[in-house]
Amino acid sequence: MRQKKIKDATIENLEKLGVLLAPTPLKVDASKKITLEIGSGKGRFITSLANDFPEEVFIAVERDQNVCYRLAQKKSVLELKNLIVIMDDAEKLNEYLVDVKVDNLHLNFSDPWPKKKHHKRRLTYPTMLNQYKNYLKKDGKIIFRTDHADLFVDSFQYFNEASFIVSDCNWALAPSDYMTEYEVKKRVSGPIYQLIAEQIHDKSL
């Protein structure tokens, strides 16, 4: 979705707000619970969590410059020292999370690729899920939330193909204090679906 250009959303201002703009290995306290959200948008979801759980670490990844600026502004206003904001593509995360593994990885979005011929571009497609494995702790979880029923149903198969097991699913997620701007809007027209998945590990190892 095209975003309205924000005059103040300059690289210089993003740097002043502490946004990471180039691959930099993160220095994070591994003893703390770490949550990553890919595609954070304006940041309503991740900033709410970071504000309520100051003892934990939160990482927000958003590639749109204008949207990222709004996210960074919220971080600044709320003085969230436990939130790291990255403006980059998710494919480059391995260059940031060199020594970092996360407990929870949140994927919150609609379906930008509903046509079958584009399915490999979906962020829950097996190739993407296999990439996410590099970021998760052994008992880490992926929490996937969408308003798109077809994407939700298809993702069950995607997770299975990538050796994940769906440990929890919800076909009508209740409203909470932790919702994205897009989720709030989409609840007017239909339900929000959520599934939680964990990697399948060989218990003999």
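Which residues line the largest cavity? In this predicted model, the lining is made up of Asn108, Phe109, Ser110, Arg145, Thr146, Asp147, Thr180, Tyr182, Glu183, Lys186 and Ile192. Two elements each give two or more residues to this lining, namely strand E5 (136-146) and helix H6 (181-186). Helix H6 provides the largest share, with three residues. Sorted by character, the lining holds three nonpolar, four polar and four charged residues. The volume of the largest cavity is about 80 Å³, and a search of the whole structure finds one cavity of 30 Å³ or more.

Open spaces are also worth a look. The second largest pocket holds about 200 Å³ of space. It is lined by 13 residues, and those closest to its centre are Lys33, Leu49, Phe53, Asn104 and His106. Helix H2 (44-52), strand E4 (102-108) and strand E5 are the elements that give two or more residues to the lining of this pocket. Here the lining residues divide into six nonpolar, four polar and three charged. Strand E5 can thus be followed from one space to another, as it contributes to the lining of the largest cavity and to that of the second largest pocket.

Attention now turns to the nonpolar interior. In soluble globular proteins, nonpolar side chains tend to be buried together. The largest nonpolar core in this model contains 36 residues, and Leu26, Leu36, Ile59, Leu105, Tyr132 and Ile142 touch the most other members. Many elements give two or more residues to this core: strands E1 (34-38), E2 (57-61), E3 (83-86), E4, E5 and E7 (193-199), together with helices H4 (126-132) and H5. The largest share, four residues, comes from H5. A second, separate core has 18 residues, including Ile6, Leu14, Val85 and Met87. Returning to the largest core, one of its best-connected members is Leu26. Setting aside neighbours within four places in sequence, Leu26 is in contact with Leu20, Ile59, Ile84, Ile86, Tyr96, Leu97 and Val100.

Helix H5 (residues 149-161) also carries a serine, Ser155. Is this residue buried or exposed? Ser155 counts as buried because its relative accessible area is 0%, below the 20% cut-off. The side chain of Ser155 reaches the backbone oxygen of Leu151 at 2.7 Å. Not counting residues up to four places away in sequence, Ser155 touches Thr124, Phe144 and Leu195.

Key: Residues numbered from 1 in each chain as written. Predicted model: local features only at pLDDT ≥ 70, side-chain atom pairs only at ≥ 80, totals over all residues. Heavy atoms only, no water. 1 Å grid on protein atoms, 1.4 Å probe; cavity = no way out; pocket = protein on both sides within 12 Å on 5 of 7 lines; lining within 4 Å. Points joined across faces, edges and corners; volume = space filled by probe spheres on them. Nonpolar A, V, L, I, M, F, W, Y, C, P; charged D, E, K, R; others polar. Buried < 20%, exposed > 50% of the residue type's maximum accessible area, 1.4 Å probe, protein only. Polar contact = N/O pair within 3.5 Å; in protein donor to acceptor, adjacent residues only side chain to side chain. Contact = heavy atoms within 4.5 Å. Core = buried A, V, L, I, M, F, W, Y, C linked by side-chain atoms within 4.5 Å.
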